[in-house]
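Student: I have just opened this one and don't know where to begin. Could you walk me through it?

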Amino acid sequence: MRNPAAEIHCIVIGVSAGGFEALNLLITQLPEKFNYPIAIVQHRSADNDGYLTQHLNINSQINVKDVVDKEPICPGIVYIAPADYHLLIERGAYFSLSRDDKVNYSRPSIDVLFESAADVYRQACLGIILTGKNADGAMGLAKVTATGGTAIVEDPETAKESAMPNAAINKVPSATVLELSDIGRYLMSLQQSEK
Amino acid sequence: MELTEIADIEIDTLLDAIRRRYDYDFSNYARSSLKRRINGLLVKEKLDMPYQLIPRILYDEEVFNRFLSELSVTVTEMYREPEFFLNLVESIFPVLNTYQYFKIWHAGCATGEEAYSLAVLLKEAGLLNRAKIYATDYNNKSIDIAKQGIYSAENIEQSSKGYLKAGGKQRFSDHYSVHYEAIQFDDELKNAITFAYHNLVKDGVFGEMNLIICRNVFIYFDKDLQNHVLNLFNESAISKGFLCLGNKETIRFSILKDKFMTLSESNSIYRKKQ
């Protein structure tokens, strides 16, 4: 894997079944002043009340929030796609939401976030696929690498659910495969190598 | 130049062609979701690239109509986000009740589900005969559906649950008749709503409104267009008039945010200051 810390402007994470534990491990270890924005699609039901966001925000040093439409993208904040909306990134460093049809039976969909992130950030985009039971995110991750960005996939051997990592690896064989704890270390190394 | 930049030129050129040929301006729509919708149309038209749409749209109005449908169709249902409607009933209806006569503008009503949802609640509050509801959209096909007041009965159970959570006092079924697989809203509700064409991008002020509801429309606009439409709403509302946006939409990032005070952050309910 390249070490493109200085080039990365945005980190996008896609996660489905098993995501609560995975995100809990990954996000709670990040420092308050993390140098990058992180946008996350965690599949959840339409009437989800945002417990995940509250839980992560309370237990993390870094600020975690559900996105509202046209919210600016700032470093050091973890943005979570609200239930029943697609999350997209727009040129000019802000988010937009959409209520368009489900993609891969999902709204929010990981592909939708990743494809828009790749479009805007190109080689400065880091895409990470974590545990999950479906194939959402594989196409999006392919777009991230096609536009010169970096792809990381959680090791299916140790992920809580292997289907989503496997689908991503099949679609993007060049992706770096790491155990969850190593993904955490990698994120921390980005923080250090930038200085 | 990178491929994604070239793709942007394609989209700009397509939008320019549409603007000059049909007088519909999509250039200030939120670009990422606009691109997804254009890609959706490309698949349906069996085309590969946005530029291939240009001659088809220029010379075939039917293709443009399909483009318009692809862009304007929104997922809408009755009592979506019922907590918003409950907030409306509890906080805004009492204020409307102080007027002998009041006007409501439901902007971007799509096929009308939310307009009827609102009319039902107004009726139960005894306010419907004093209300004039204007429900507008820029898609004439949607307006035609809305005028009929006939909807599939498929989701009626979900709607009934929403109705109760929204503060409905009777049974939802008191307000419509069932015909086979469809429901038809009562004439009293239909007659209280004027469905009309209005394009928020280019049409003007819709005057003297006590309440303006525009939900899940702003998400499809960029910040400039949001400002433009907020200005339109500000000029269309009476002093101390109410403005309701979708639950995940906010005026917080707009240059017009100081024109309104926030009554509910979570339900995006605002009130014009003066």
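Tutor: We can take the sheet, the helices and the contact between chains in turn, keeping in mind that this is a predicted model.

Student: Okay, the sheet in chain B. In what order do its strands come, and how do they pair?

Tutor: In chain B, 7 strands form an open sheet in the order 6-2-1-7-8-10-9, and the pairing is mixed. Neighbouring strands of this sheet are turned by 20° against each other on average, direction ignored.

Student: Which strands stand at the edges?

Tutor: Strand 6 (193-197) and strand 9 (260-264) of chain B stand there, and each has a single partner strand, so one side of each is left without a neighbour in the sheet.

Student: And how many bridges join strand 1 to strand 2 in chain B?

Tutor: Strand 1 (residues 102-107) and strand 2 (residues 131-137) of chain B run parallel and are joined by 6 bridges. If you want a place to look, find B:Ile104, which stands opposite B:Ile133 in strand 2 of chain B.

Student: What lies across those strands?

Tutor: Helix 5 of chain B lies across strand 1, strand 7 (209-214), strand 8 (237-245), strand 9 and strand 10 (269-272) of chain B, and it runs at about 160° to strand 7 of chain B. Helix 10 of chain B lies across strand 1, strand 7, strand 8 and strand 10 of chain B, running at about 140° to strand 8 of chain B.

Student: Switching to helix 8 of chain B, which of its residues are buried?

Tutor: In helix 8 (residues 156-165) of chain B, the buried residues are B:Ser159, B:Gly162 and B:Tyr163. Seen down the axis of helix 8 of chain B, these buried residues fall within an arc of 105°, so they line one face of the helix.

Student: Why would residues spaced like that point the same way?

Tutor: An α-helix has 3.6 residues a turn, so residues three or four places apart point the same way.

Student: What covers the buried residues of helix 8 of chain B?

Tutor: The cover includes helix 5 (82-96) of chain B. Just as a detail on the chain itself, helix 8 of chain B is followed by B:Gly167, whose phi is positive, near 100°.

Student: Is there a hairpin anywhere, and where?

Tutor: Strand 4 and strand 5 of chain B form a hairpin with 2 residues between them, and B:Tyr180 in the turn has a positive phi of about 50°. Strand 4 (residues 176-179) and strand 5 (residues 182-185) of chain B pair in the antiparallel sense over 4 bridges, and B:Val178 stands opposite B:Ile183 in strand 5 of chain B.

Student: How do helix 2 and helix 4 of chain B cross?

Tutor: The axes of helix 2 (residues 31-44) and helix 4 (residues 61-72) of chain B come within 9 Å and cross at roughly 135°, which makes helix 2 of chain B oblique to helix 4 of chain B. The contact is made by B:Arg37, B:Gly40 and B:Leu41 of helix 2 of chain B and by B:Arg66, B:Phe67, B:Glu70 and B:Leu71 of helix 4 of chain B.

Student: Last one: how many residues of chain B are in contact with chain A?

Tutor: There are 20 residues of chain B in contact with 20 residues of chain A. Helix 2 and helix 10 (223-236) of chain B each supply at least two residues of the side of chain B that touches chain A, and helix 2 of chain B gives the most to that side, with 5 residues.

Methods
Residues numbered from 1 in each chain as written. Chains lettered and ligands numbered in written order. Predicted model: local features only at pLDDT ≥ 70, side-chain atom pairs only at ≥ 80, totals over all residues. Buried ≥ 20, exposed ≤ 12 C-beta atoms within 10 Å, placed from the backbone. Arc of directions from axis to C-beta. Contact = placed C-beta atoms within 7 Å. Pairing = 2+ DSSP bridges. Axes fitted to C-alpha atoms, helices over the stretch in contact; angles between N-to-C directions. Parallel < 35°, antiparallel > 145°, perpendicular 65-115°, else oblique.
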